[in-house]
Amino acid sequence: MNTKFLFFSLLINFFFASHLSAQEVLTIEDAMKIALENNFEIKIAKNNTVISETNVTVGNAGMLPTATANVVDNNNITNSSQTRQDGTTTKLNNAKNNSLTYGVSLGWTVFDGMKMFARFDQLKELQKLGDAELKRTILVKIGQVNSAYYDLVQQQQQLSALDTTIVISKQRLTLAQNRFSIGKASKLEVLNAQVDLNSDQVALLRQKESYANAKILLNQYLARDPKIDFKVTDEVTVDNKLVLVDLMELAQKQNPALEAQVINKRIAELQLKQVKADRYPVLRLTTGYNFSESESSLGFTSATSNKGLNYGFNASMNIFDGFNQHRNEKVAKLQIENTQIAIEQQNLILNTQLSTAYQTYLTNLELIDLEEDNEAIAKQNLDITLDKFRIGTITTLDFRTAQLNYVNAKVRYSNAQYEAKLSEIALKELAGNINF
């Protein structure tokens with residue numbers, strides 16, 4: 001390997017690393033922790049689970065009695081006239097009459113065909129559905145954070161590769177200028193070297209722009225200020241030991257989309273129980289204690305008052321409702337059938353996604369090995385080409401080709417690692433097995 005090239009490469013990498021070291025080091029674990037705490041969609045999903053949990057009460061299911069306080073106050077002013085049996089007449093203008101009734105009533109449904117118990121179980125299942133939705137949201141968002149994070153890693157690697165190629169292009173321009181000054185090269189060789197250096201600098205600027213935008217996107221997923229600067233780690237570690245059969249078994253137990261469909265079936269079954277409960281009588285106990293007062297300006301009684309306890313029960317039963325009971329039960333059964341179909345459909349979709357993602361994963365693992373070898377070969381070729389170019393035994397076109405081959409090999413190797421990591425993330429997300 002050329003010692004001068006090694007020196008320049010190490011120098012540029014040192015300055016690049018020194019610049020990054022002044023920034024916050026954000027690990028993937030830190031990024032996931034921040035997302036779990038800050039991400040807006042995760043916060044909303046968490047609140048929804050709290051709502052579902054809050055709704056699971058015996059009172060919401062209708063198992064507890066209800067107490068109501070009532071106050072009714074009526075007042076009126078009238079012009080009244082009364083004629084008695086003996087023919088005498090009594091008149092009074094602006095006669096005031098008022099009545100006041102107040103009290104407390106208590107009602108308790110003690111039997112409704114077991115509907116209240118089915119409703120309580122349904123509330124529990126709705127809570128589980130909320131938990132599954134929270135898990136799905138977390139998996140999706142953590143998957144996005146992982147993808148955005150490792151995209152930054154590979155873009156950071158590409159920045160390093162472009163920095164290295166600019167060092168080489170500057171060295172090439174210096175050699176061309178020296179050769180031209182002693183008459184061993186034409187002006188055209190110097191101009192070509194300058195054009196290629198300019199092209200490399202443009203590519204570096206474009207890559208810096210892409211890198212900065214990727215940081216902004218990751219900050220968005222972390223729900224923090226887009227202007228926060230940071231650096232990421234330099235390596236992408238891919239788990240190459242995933243097994244499709246194991247992933248499918250995990251998905252059957254942990255995939256939140258499949259879990260939600262199973263819960264939906266249970267909810268539909270409990271809904272059918274509630275519909276069937278309408279075939280049975282409803283028995284409700286009632287009691288209360290009431291006070292009433294009334295005053296009248298005209299009549300035989302000027303004031304009355306009552307107070308006392310009342311109690312009893314009422315029972316009702318649906319005998320005929322225009323065949324609506326039969327229709328409602330039929331609809332509820334079809335809903336159960338639909339949920340079963342949805343489970344089978346989700347199973348098929350899940351297995352298909354896992355199979356295709358796993359095939360992509362295997363291909364990307366092979367590409368990592370291949371591109372790693374290609375990078376090593378391209379690096380060796382560039383070293384030899386640089387030595388030959390220095391002594392003038394190859395053309396500038398051959399040198400530029402070797403230079404671009406090396407840069408492209410580094411970029412392809414970085415992309416291969418990134419794509420393999422994306423495949424790993426996708427498989428673990430489908431299996432519900434992302435560690436966070």
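Leu285 has its place in strand S5, and in this predicted model the residue is partly exposed, with a relative accessible area of 39%. Leu285 also belongs to a nonpolar patch on the surface, which is formed together with Trp108, Val110, Phe111, Met114, Phe117, Tyr280, Leu283 and Phe313 and which has about 860 Å² of accessible area in total. Two elements, strand S3 (89–111) and strand S5 (282–296), give two or more residues each to this nonpolar patch, and the largest share, three residues, comes from S3.

A second surface feature carries charge: Glu366, Asp369, Glu372 and Asp373 gather in a patch that is negative. Among these residues, Glu372 is found in helix H8, which covers residues 324–391, and Glu372 is partly exposed, its relative accessible area being 40%.

Is Lys141, by contrast with the surface patches, buried or exposed? Lys141 counts as buried because its relative accessibility is 9%, which falls under the 20% limit used for that class. The residue lies in helix H4, residues 115–181, and, once neighbours within four places in sequence are left aside, Lys141 is in contact with Asn39, Glu41 and Ile42.

The table sets out the accessibility of the three residues discussed individually.

| Residue | Relative accessible area and class |
|---|---|
| Leu285 | 39%, partly exposed |
| Glu372 | 40%, partly exposed |
| Lys141 | 9%, buried |

Methods: Residues are numbered from 1 along each chain as its sequence is written. This is a predicted model: local features need pLDDT of at least 70, side-chain atom pairs count only at pLDDT 80 or more; totals for chains, interfaces and linings use all residues. Side-chain values use heavy atoms; hydrogens and water are left out. Patches are made of residues with over 30% relative accessible area and no salt bridge: like charges are joined within 9 Å, nonpolar side chains (Val, Leu, Ile, Met, Phe, Trp, Tyr) within 5 Å. Accessible areas come from the Shrake-Rupley method with a 1.4 Å probe; for residues, only the protein chains shown count as cover. A salt bridge is a side-chain nitrogen of Lys or Arg within 4 Å of a carboxyl oxygen of Asp or Glu. Lys and Arg count as positive and Asp and Glu as negative; His and the chain ends are not counted. The place of a charge is taken as NZ of Lys, CZ of Arg, CG of Asp or CD of Glu. Helices (H or I, at least four residues) and strands (E, at least two) are DSSP runs, numbered from the N terminus. Buried means under 20% relative accessible area, exposed over 50%, partly exposed in between (1.4 Å probe, protein chains only). Contact means heavy atoms within 4.5 Å.
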